[in-house]
Amino acid sequence: MTTKSTKLPGLGTQYDISTRAGRHISVVAHQDGRRFLGFYDPEDPDSCQATVPLDRDEAESLADILAPGESPKLGTCEMEIDLVTVRIPVSGKSPYSDALLGDTRARTRTGASIVAVLRRTGAVPSPAPDFRLEAGDTLVAVGTREGVDELTRIISGT
């Protein structure tokens, strides 16, 4: 069995578990307490077959079932600001597929910041304006709900 954790800037942490039987399970632990379980195809470890979203209470109940006894409590930071974090896919139809990140002018146009780019090969935290986007990338953006919604429209080209 192997485990690996990957920080997801602005989101939380992703924990990947490969079982002795060759199965790949992923848990994305969001900073706000939500969790997503991901189940992967043993023949294609990059292909997620299904995800199960869990709120804080559901995640705690599942943890109690899987590991009876005291389970560690993950701390969260509650702030009185109205910011959201979203993941924005870059499709092959996006006007920014194969373009520089700076070409999006995301912060200037929407007030939202792209804080990371998730790629099959790994996460790129704090990408520079000269970072070249590719189809299949996922942008991690932080901003107001209106700002990230507008950024999503811009990146998708709609």
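This short talk covers a pocket, a hairpin, one buried threonine and two loop residues. Keep in mind that the model is predicted.

Let's start with the pocket. The largest one has a volume of about 870 Å³. Its lining is made up of 30 residues. Which of them lie nearest the centre? Those are Gln14, Asp16, Tyr40, Arg87 and Arg119.

Now, where does the lining come from? Eight strands, numbered 1 to 8, each supply at least two residues to the lining of the largest pocket. Strand 1, residues 2-8, gives the most, with five residues. As for chemistry, the lining of the largest pocket has 11 nonpolar, 13 polar and six charged residues.

Next, the hairpin. Strand 3 covers residues 24-30, and strand 4 covers residues 35-41. They pair in the antiparallel sense, over five bridges. Take Ala29 as an example: its bridge partner in strand 4 is Arg35. Four residues sit between the two strands of this hairpin. One residue to look at here is Gly33, with a positive phi near 100°. Both strands also help to line the largest pocket, each with at least two residues.

On to Thr110. You will find Thr110 in helix 2, which runs over residues 106-110. Is Thr110 buried or exposed? Thr110 counts as buried, because its relative accessibility is 15% and the cut-off for buried is under 20%.

What do the polar atoms of the Thr110 side chain lie close to? A polar atom of that side chain is 2.7 Å from the backbone oxygen of Ala106. A polar atom of the side chain is also 3.0 Å from the backbone nitrogen of Ala112. Looking beyond residues up to four places away in sequence, Thr110 touches Gly147, Glu150, Leu151 and Ile154.

Last, two loop residues with positive phi. Asp98 is in the loop between strand 6 and helix 2. Asp98 is not a glycine, yet its phi is positive, about 70°. At 54% relative accessibility, Asp98 counts as exposed, because exposed means over 50%.

Then there is Ser126. Its place is the loop between strand 8 and strand 9. What is the phi of Ser126? It is near 45°, again a positive value in a residue other than glycine. Ser126 is exposed too, with a relative accessible area of 62%.

To recap: the pocket is lined by 30 residues, Thr110 is buried, and both Asp98 and Ser126 are exposed. Thanks, that's it from me.

Notes
Residues are numbered from 1 along each chain as its sequence is written. This is a predicted model: local features need pLDDT of at least 70, side-chain atom pairs count only at pLDDT 80 or more; totals for chains, interfaces and linings use all residues. Side-chain values use heavy atoms; hydrogens and water are left out. Two strands pair if DSSP finds at least two bridges between them. On a 1 Å grid over the protein atoms alone, a cavity is a set of points where a 1.4 Å probe fits but cannot get out, and a pocket is an open set with protein on both sides within 12 Å along at least five of seven lines; lining residues have an atom within 4 Å of a point. Grid points are joined across faces, edges and corners, and a volume is the space filled by probe spheres set on the points. Ala, Val, Leu, Ile, Met, Phe, Trp, Tyr, Cys and Pro count as nonpolar, Asp, Glu, Lys and Arg as charged, and the others, Gly among them, as polar. Buried means under 20% relative accessible area, exposed over 50%, partly exposed in between (1.4 Å probe, protein chains only). A polar contact is a pair of N or O atoms within 3.5 Å; within protein, one must be able to donate a hydrogen and the other to accept it, and residues adjacent in sequence count only if both atoms are side-chain atoms. Contact means heavy atoms within 4.5 Å.
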